[in-house]
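Work through the following exercises with the sequence and the model open beside you. Each task is followed by a solution that proceeds step by step.

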Amino acid sequence: MRVVIAEDDALLREGLVLLLRSEGIDVVAAVDNADAFLAALPEHRPDAAVLDVRLPPSFTDEGLRAAVEARRQFPGLPILVLSAYVEDSYAADLLADGAGGIGYLLKERVGKVEKFLDALNRVVGGGTVLDPEVVSQLMVRRRADDPLRTLTPREREVLALMAEGYTNGAIAGLLVVSETAVSKHIGNIFAKLGLPPTDTGHRRVLAVLAHLKA
Amino acid sequence: MTRFRAWLATAFAEMWRGARFLVTGVPLALASLWLIPVVVAVTLVGWPAAPSAARGLRRWTAIARRRVGAFTGSPVHQAYPPLEGGLGDQLKTVLTDRSLRRDLTWLVTNGLSGTVLGFLSAGLPLAAVNALAIPFYWQAFPADQPVASPYPVTSWGGALAMPLVALGYAALALFGIPRLARWNAGWSRRLLSPAPGIRLTEQVAELTASRAAALEAHGAELRRIERDLHDGTQNRLVGVVMHLGIAERALRRDPAGALPMLLRAQDAAADALTELRQVVRTIYPPVLAERGLDGAAAALVAACPVPCTITASGLGRAPAAVESAAYFVIAEALTNIAKHSGAREAEVRLSTRGGETLVIEVHDDGLGGADESAGSGLLGIRRRIVAFGGVTELTSPEGGPTVLRAELPCGL
């Protein structure tokens with residue numbers, strides 16, 4: 001796998017390069033700003049990009065805008081966005097083009113290398129990965145008559161994992177239940193929330209998120 | 001003797017300053033006198049020109065405001081209703097403008113008295129010098145047209161008494177000129193300042209503006225802290241977990257490769273601690289918590305490159321936010337003194353009034369003429385103080401000394 005990295009903090013950039021290389025991933029470019037990032041894409045044609053939300057010069061959301069621009073130039077390019085903090089509105093910007101292959105994680109998730117690599121692989125595979133923090137933001141701000149309140153605790157867990165972008169099989173593994181049990185929960189959730197049944201891919205994440213944001 | 005010499009030096013300096021102010025005021029006063037017929041003409045026949053004349057008068061008095069402001073060391077405010085709309089509207093504005101009437105009063109009174117005072121303040125010292133010289137040249141004058149200053153000098157007795165006369169003139173000049181200058185500046189300030197009601201309206205506008213500025217400054221401060229924490233400290237901690245993560249993976253495959261990663265994680269953790277300490281210091285200096293405002297201010301004073309002393313009397317503990325604001329105000333003031341004032345020494349005085357208001361005074365013997373609009377330091381000080389409902393007063397005449405006085409309600 002060939003990856004381009006954009007991270008302005010030198011220590012973190014080197015660390016990321018080291019981490020990915022020691023896992024056999026080919027880091028073809030590691031840059032510290034959005035312009036260099038956008039320039040590196042046509043040159044290296046990477047399989048994925050990992051970038052920080054805050055980049056110079058204003059350190060606000062340059063990385064986010066660079067990600068959106070990169071997706072415009074290279075539709076479907078898998079991008080994993082890392083950030084010091086997460087905002088559900090930022091997630092909405094990233095998911096706006098409706099295609100998969102997007103990840104949005106808190107920076108510190110890189111510490112759990114295995115999970116981080118799994119997330120990167122899911123993004124490269126066209127999946128969607130949202131930080132649990134984003135999902136919990138989406139799941140708390142709810143009205144009194146919210147149908148979410150009718151979900152059982154187990155169903156809420158399954159819903160959160162769906163929103164984070166996990167497949168049925170992965171959810172079954174994480175919750176240590178059978179895949180048929182997961183399917184049954186999902187059927188109940190969709191019925192209770194009045195969502196049309198969808199397959200297990202990116203479209204399902206979008207449907208769940210659309211409902212949560214409504 | 002040395003004390004008399006020091007007193008004499010100060011008296012001379014004050015006389016010189018006063019005389020300079022009054023003498024340079026003479027052209028202004030004379031020109032003002034010439035303007036009076038213009039005003040009369042406009043009043044009698046030139047009604048349509050009244051708005052233009054009013055604008056001219058505003059610019060003319062602005063010169064006087066700057067002069068008086070520079071002499072007394074605190075600015076003279078001005079507040080006029082805007083001259084807008086058609087000729088009718090503008091004429092109405094001119095007719096109802098109380099400040100304009102005060103300006104006209106100033107024009108006439110200063111035109112007369114400014115001329116007299118200016119010649120007087122130039123004449124008194126010259127008369128003293130002349131009196132000293134008379135014993136040397138009185139004989140050169142014909143007996144029927146003797147030197148007469150202030151009495152006809154026709155004999156050696158009269159001539160030798162002249163040094164006493166010189167002493168009299170000198171005393172008059174030394175004592176009188178500074179007082180006359182202050183008196184002239186004082187009533188000029190009163191007439192040129194906005195009328196009481198107008199001043200109040202202006203103050204309300206000022207307060208609203210400074211309140212907004214204070215909120216803006218507070219917001220900027222919060223953004224800075226957020227950035228320092230997210231982009232500094234948090235990145236270091238991410239570095240820690242990342243290198244620990246790499247080390248963890250290495251331990252499974254190649255334990256020898258884990259050690260450098262652990263060392264990097266350790267360094268990143270140490271950096272995170274350093275950065276955290278720095279951020280905390282900019283939010284609330286720990287020295288304040290440990291030693292109180294007087295102790296913390298003493299540390300600032302000790303670190304100031306300009307020799308500086310501190311007197312603190314009757315300070316109790318104030319709320320942390322107030323102490324912190326006071327601390328940063330003193331720090332900023334001392335930085336300004338070190339950078340711009342050219343002072344040889346400075347002094348910080350801390351006291352309380354009624355236990356409810358913290359009074360900070362920072363004196364320096366530098367060049368003076370500190371301009372609030374020029375640097376952001378003084379503005380920053382004012383904003384910090386205003387944020388707590390306090391007042392800042394800066395007195396900084398050209399030539400110094402500069403006194404910054406800030407009062408901070410303690411909210412107790």
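**Exercise 1: a hairpin in chain B**

Strand S4 (residues 391-395) of chain B pairs with strand S5 (residues 402-409) of chain B in the antiparallel sense over 5 bridges, where strands are DSSP runs of E of at least two residues, numbered from the N terminus, and two strands pair if DSSP finds at least two bridges between them. The model is a predicted one, in which local features need pLDDT of at least 70 and side-chain atom pairs count only at pLDDT 80 or more, while totals for chains, interfaces and linings use all residues. Residues are numbered from 1 along each chain as its sequence is written, and chains are lettered from A and ligands numbered from 1 in the order in which they are written.

Task: determine which residues of S4(B) point to one face and are buried.

Solution. Begin with the register: Val391(B) has Glu407(B) as its bridge partner in S5(B). In a regular strand the side chains alternate between the two faces of the sheet. Along S4(B), Thr392(B) and Leu394(B) point to one face and are buried, a residue being buried if 20 or more other C-beta atoms, placed from the backbone, lie within 10 Å of its own. Val391(B), Glu393(B) and Thr395(B) point to the other face and are not buried. Finally, the hairpin has 6 residues between the strands, and Gly399(B) takes a positive phi near 95 degrees there.

**Exercise 2: the sheet of chain A**

Task: establish which strands of the open sheet of chain A stand at its edges.

Solution. First write down the order of the 6 strands, S2-S1-S3-S4-S5-S6 (chain A), which pair in parallel. Strand S2 (26-31) and strand S6 (128-130) of chain A each have a single partner strand, so one side of each is left without a neighbour in the sheet. Within the sheet, strand S4 (residues 79-83) and strand S5 (residues 102-106) of chain A pair in the parallel sense over 5 bridges, and Leu82(A) has Leu105(A) as its bridge partner in S5(A).

**Exercise 3: two helices of chain B**

Task: classify the packing of helix H1 (residues 2-44) and helix H6 (residues 162-192) of chain B.

Solution. Their axes are 8 Å apart and the angle is about 45 degrees, with axes fitted to C-alpha atoms over the stretch in contact and angles running from 0 to 180 degrees between N-to-C directions. H1(B) and H6(B) are therefore oblique to each other, since angles under 35 degrees count as roughly parallel, over 145 as roughly antiparallel, 65 to 115 as roughly perpendicular and the rest as oblique.

Conventions. Helices (H or I, at least four residues) and strands (E, at least two) are DSSP runs, numbered from the N terminus. A residue is buried if 20 or more other C-beta atoms lie within 10 Å of its own, exposed if 12 or fewer, and partly exposed in between; C-beta atoms are placed from the backbone.
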